Amino acid sequence: MSEEEVYTAIGKDGFQRLIAAFYRQVPGDSILGPMYPKDDMEGAEYRMRTFLIGRFGGPPTYIQERGHPRLRMRHLPFQVNQEARDRWYRLMSNALDETKLPAEADAILRHFFDGMSSFMMNS
Ligand code: HEM
């Protein structure tokens, strides 16, 4: 399976369930909770979901609405150190465990999140 085929394999529903499972853990998290916008968690969930859908072969809604992702730049306002990176990746791994996507899609996403979360570190 190529990265572009992940959307065909798991659909909007797969991304919806995965990202909901991730954000369900965020508000109560000691490191990530304070970083995310309490009054706009639905918006944060939507931005992450549409980004991933576009990145993995689905409709390009994120780029249409937000422009080029430039994710490292967009994360500069937040202190993403090793601890924050590891916590983010842990919560996303939990979300993948819970969502039980088909094995190939799960492996591609896990690998992507591992690399991207390290790439996002800025302190
Ligand atoms: C490594 C630890 C990370 C931390 C602490 C972190 C934290 C945050 C925070 C606090 C926001 C703002 C929430 C919002 O209002 O949208 C955000 C936005 C976002 N993050 Fe992360 N993030 C991390 C890693 C990642 C990774 C690995 C990805 C991609 C796989 C990602 C994708 C995004 C996207 C797409 C947005 C929305 C950007 C926008 O359009 O404004 N983040 N992140």
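How many aromatic pairs does the structure hold? The count is nine. The views below come from a predicted model.

**View 1. An aromatic pair formed by Phe22 and Trp88.** This pair is one of the nine aromatic pairs in the structure. The ring centres of Phe22 and Trp88 are 5.2 Å apart. Their planes stand at 50 degrees, so the pair counts as tilted. Phe22 belongs to helix α1 (residues 6-25), and Trp88 belongs to helix α5. The two parts are 66 residues apart in sequence, so the pair ties together distant stretches of the chain.

**View 2. The ligand in its pocket.** The ligand occupies the largest pocket. Two or more residues of the surrounding shell come from each of α2 (41-55), α3 (61-66), α4 (71-74), α5 (82-99) and α6 (103-119). The shell numbers 22 residues. The closest of them are Arg47, Tyr62, Arg66, His75 and Trp88. Which classes make up this shell? There are 16 nonpolar, two polar and four charged residues.

**View 3. The iron atom and His75.** The iron atom of the ligand takes a single donor from the protein. That donor is NE2 of His75, at 2.0 Å. His75 is placed in the loop between α4 and α5. A polar side-chain atom of His75 also lies 2.8 Å from a nitrogen atom of the ligand.

**View 4. Polar side-chain atoms of Arg66 and Trp88 at the ligand.** Where does Arg66 meet the ligand? An N or O atom in the Arg66 side chain is 2.6 Å from a ligand oxygen atom. For Trp88, the ligand partner is a nitrogen atom. It lies 3.5 Å from a polar atom of the Trp88 side chain. Trp88 thus appears in two views: its ring pairs with that of Phe22, and its side chain has a polar atom facing this ligand nitrogen at 3.5 Å.

Notes
Residues numbered from 1 in each chain as written. Predicted model: local features only at pLDDT ≥ 70, side-chain atom pairs only at ≥ 80, totals over all residues. Heavy atoms only, no water. Near = heavy atom within 4 Å. Polar contact = N/O pair within 3.5 Å; in protein donor to acceptor, adjacent residues only side chain to side chain. 1 Å grid on protein atoms, 1.4 Å probe; cavity = no way out; pocket = protein on both sides within 12 Å on 5 of 7 lines; lining within 4 Å. Sits in = over half its atoms within 2 Å of the grid points. Helix = DSSP H or I, 4+ residues; strand = E, 2+ residues; numbered from the N terminus. Nonpolar A, V, L, I, M, F, W, Y, C, P; charged D, E, K, R; others polar. Donors = N, O, S within 2.8 Å, 3.2 Å for Na, K, Ca; no water. Phe/Tyr/Trp six-rings, centres within 6.5 Å; stacked < 30°, edge-to-face > 60°.
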